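Colleague: Please take a close look at one part of this model, the interior, and describe it in a connected way. I would also like to hear how that part sits within the rest of the chain.

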Amino acid sequence: RAFPCFPPALSALRRLARPPARLTCETAILASVEPTLLRVNGWLDWNVEFSATDEFVLLAPASAGEDVRIDGADIKEKNRSAAAREDGMSAWTVRLQRPVLGSYRLSVSYDVPLEAGDDGKPITLAVPLVRAENVARKTGHVAISRGENLEVRVARSEGLEVRDVKE
């Protein structure tokens, strides 16, 4: 003889969530000292892991104002924060047309006018660098070039390791 068996109704709620995006960035900066201006070109190579993102945040000197040029593939909009930070930097938010996963490159450039000094007398200037923000890890290189009739000496390099130009 057979008896009907009705197992209890089981239900399971399963929630799958993607991990948040993990961003790392390697930055390369070239600061070119010319007689009347300092031209800064930067390349930010982002790596997006785990989950795609369409937003990148970088810091550029507030003194450059709106003259910061940001280029990259599929840029939808570039917005500068209204207020400058305590460290003299402005946050720029770059939004893309579609989320990316993997590598993504932004190029950033701006010019800083130099005050004319007396001929033959040295002037001291700080090189304002572009930095990635909201990243798990950031690394990079800074190179300084000069016009042929100029002499450049690094007076202070906090957090930087000097490399031999022959490397």
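Modeller: A residue is called buried when its relative accessible area is under 20%, exposed when that area is over 50%, and partly exposed when the value falls in between. The model is predicted, and what follows should be read as a description of that prediction. As an example of how the classes apply, Asp74 has a relative accessibility of 30% and therefore counts as partly exposed.

To set the scene, the chain contains seven strands and zero helices, so that a reader going from the N terminus meets the order β-β-β-β-β-β-β. Of the 167 residues in the chain, 29% are buried. Among the contacts with a separation of 6 or more, 72% join residues that are 24 or more positions apart. The accessible surface of the chain amounts to about 12400 Å², and carbon and sulfur atoms account for 49% of that surface.

The interior is best approached through the largest nonpolar core, which has 29 residues and in which Phe56, Leu58, Ile70 and Leu106 have the most contacts. Two or more residues of this core come from each of strand S1 (22-33), strand S2 (37-61) and strand S5 (89-113). Strand S5 provides the largest share, with nine residues.

Phe56 is a useful residue from which to look around this core. With residues up to four places away in sequence left out of the count, Phe56 touches Leu23, Trp46, Val48, Trp92, Thr93, Val94, Leu96, Val100, Tyr104 and Leu106. Two of these partners, Trp46 and Tyr104, join Phe56 in one aromatic cluster, and a search of the whole structure finds two aromatic pairs. The pair of Trp46 and Phe56 is tilted, with 4.8 Å from centre to centre and 50 degrees between the planes. Both rings belong to buried residues, since Trp46 has a relative accessible area of 1% and Phe56 has a relative accessibility of 0%. The pair of Phe56 and Tyr104 is stacked, because the planes of the two rings lie at 5 degrees, with the centres 5.2 Å apart. Because Phe56 lies in strand S2 and Tyr104 in strand S5, this pair ties together parts that are 48 residues apart in sequence. Tyr104 is buried, as is Phe56.

Strand S1 can be followed through Thr27, which lies in that strand. The relative accessibility of Thr27 is 8%, so this residue counts as buried. When neighbours within four places in sequence are set aside, Thr27 is in contact with Trp43, Leu44, Val130, Thr139, Gly140 and His141.

Moving outward, two residues deserve attention for their backbone. Most residues other than glycine have a negative phi. Phe50, although not a glycine, has a positive phi of about 75 degrees. Phe50 belongs to strand S2, yet with a relative accessible area of 54% it is exposed. Asp74 also has a positive phi, of about 55 degrees, and is not a glycine; its place is in the loop between strand S3 (69-72) and strand S4 (75-80).

Strand S4 contains Lys76, which at 60% relative accessibility counts as exposed. The C-alpha atom of Lys76 is separated by 7.7 Å from that of Val94, which is 18 residues apart from it along the chain. Apart from neighbours within four places in sequence, the residues in contact with Lys76 are Arg95, Leu96 and Gln97. Leu96 thus appears among the contacts of Lys76 and also among the residues touched by Phe56.

Finally, there is a nonpolar group on the outside. Val142, Ile144, Val152 and Val154 make a nonpolar surface patch of about 300 Å². One member, Val152, lies in the segment after strand S7 (137-146) and, with a relative accessible area of 35%, is partly exposed.

Conventions
Residues are numbered from 1 along each chain as its sequence is written. This is a predicted model: local features need pLDDT of at least 70, side-chain atom pairs count only at pLDDT 80 or more; totals for chains, interfaces and linings use all residues. Side-chain values use heavy atoms; hydrogens and water are left out. A nonpolar core is a set of buried Ala, Val, Leu, Ile, Met, Phe, Trp, Tyr and Cys residues joined through side-chain atoms within 4.5 Å. Buried means under 20% relative accessible area, exposed over 50%, partly exposed in between (1.4 Å probe, protein chains only). Helices (H or I, at least four residues) and strands (E, at least two) are DSSP runs, numbered from the N terminus. Contact means heavy atoms within 4.5 Å. Rings of Phe, Tyr and Trp (its six-membered ring) pair if their centres lie within 6.5 Å; planes under 30 degrees apart count as stacked, over 60 as edge-to-face and the rest as tilted. Patches are made of residues with over 30% relative accessible area and no salt bridge: like charges are joined within 9 Å, nonpolar side chains (Val, Leu, Ile, Met, Phe, Trp, Tyr) within 5 Å. Accessible areas come from the Shrake-Rupley method with a 1.4 Å probe; for residues, only the protein chains shown count as cover. A salt bridge is a side-chain nitrogen of Lys or Arg within 4 Å of a carboxyl oxygen of Asp or Glu.
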